[in-house]
Amino acid sequence: LQKDTESPEGALLTKEKQTICSAACSALDALEREIIERSYVQDEPLVDIARSLGYSRCHVSRVKRRALERLREELVN
């Protein structure tokens, strides 16, 4: 999101970062995307995500770790 005080160059850089992140996230499956979004965008604790999805916290943690590894691979390449 652009701030009023952000320079045009900064706004362009922010937009480019959003595009790159969005493309990387499209490589995730639906569960991975949901867990990453709820964990990082909505700042929701893993235990709450797990409870609402009907999974154990341990499973959600594994899915999150796998998703982060896939994102890292996508962003490096």
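Me: What share of the 77 residues of the protein counts as buried?
Reply: Keep in mind that this is a predicted model. Buried here means under 20% relative accessible area. By that cut-off, the share of the protein's 77 residues that ends up buried is 23%.

Me: Which kinds of elements does the protein have, and in what order do they run from the N terminus?
Reply: The protein has zero strands and four helices. Reading from the N terminus, the order is therefore just helix after helix, with helices being DSSP runs numbered from that end. Written out, that's α-α-α-α.

Me: Is the protein a compact globule or more spread out than that?
Reply: For 77 residues the globule rule gives 11 Å, and the radius of gyration is 15 Å, well over that. The C-alpha atoms fill a box of roughly 45 × 30 × 15 Å along the principal axes. Since the radius of gyration beats the rule by that margin, the verdict is: more spread out than a compact globule.

Me: How much of the exposed area do carbon and sulfur atoms supply?
Reply: Start from the total: the protein exposes about 5,700 Å². Of that area, the carbon and sulfur part is 54%.

Me: How far apart are the centres of the positive and negative side chains?
Reply: There are 13 positive side chains and 14 negative ones in the protein. Take the centre of each set, and the distance between the two is 7 Å.

Me: Which helix gives the most to the largest nonpolar core?
Reply: That core has six residues: Ile35, Leu46, Ile49, Ala50, Val60 and Val63. Both α3 (46–53) and α4 (57–76) supply at least two of them. With three residues, the top contributor is α3.

Me: Which residues does Ala50 contact beyond its neighbours within four places in sequence?
Reply: Ala50 is one of the residues of the largest nonpolar core. Contact means heavy atoms within 4.5 Å. Skipping the sequence neighbours, the partners of Ala50 are Tyr55, Ser56, Arg57 and Val60.

Me: Is Ile36 buried or exposed, and how far is its C-alpha from that of Cys25?
Reply: Ile36 is in helix α2, and its relative accessibility is 9%, so it counts as buried. Past four places in sequence, Ile36 touches Leu28, Val41, Lys64, Ala67, Leu68 and Leu71. Cys25 is eleven residues from Ile36 along the chain, and the C-alpha separation comes to 9.0 Å.

Me: What is the relative accessible area of Arg38, and is Arg38 buried or exposed?
Reply: Arg38 has its place in helix α2, residues 30–41. Not counting residues up to four places away, Arg38 touches Asp43, Glu44, Asp48, Ile49, Ser52 and Leu53. Its relative accessible area is 12%, so Arg38 is buried.

Me: Where is Asp43 found, and what is its phi near?
Reply: Asp43 is found in the loop between α2 and α3. At 64% relative accessibility, Asp43 counts as exposed. Its phi is a positive value in a residue other than glycine, near 55°.

Me: How far apart in space are Val76 and Lys17, C-alpha to C-alpha?
Reply: Val76 lies in helix α4 and is exposed, with a relative accessible area of 66%. Along the sequence, Val76 and Lys17 are 59 residues apart. In space, C-alpha to C-alpha, the distance is 13 Å.

Key. Residues are numbered from 1 along each chain as its sequence is written. This is a predicted model: local features need pLDDT of at least 70, side-chain atom pairs count only at pLDDT 80 or more; totals for chains, interfaces and linings use all residues. Side-chain values use heavy atoms; hydrogens and water are left out. Helices (H or I, at least four residues) and strands (E, at least two) are DSSP runs, numbered from the N terminus. The radius of gyration is taken over C-alpha atoms; the globule rule is 2.2 Å times the number of residues to the power 0.38. Buried means under 20% relative accessible area, exposed over 50%, partly exposed in between (1.4 Å probe, protein chains only). Accessible areas come from the Shrake-Rupley method with a 1.4 Å probe; for residues, only the protein chains shown count as cover. Lys and Arg count as positive and Asp and Glu as negative; His and the chain ends are not counted. The place of a charge is taken as NZ of Lys, CZ of Arg, CG of Asp or CD of Glu. A nonpolar core is a set of buried Ala, Val, Leu, Ile, Met, Phe, Trp, Tyr and Cys residues joined through side-chain atoms within 4.5 Å.
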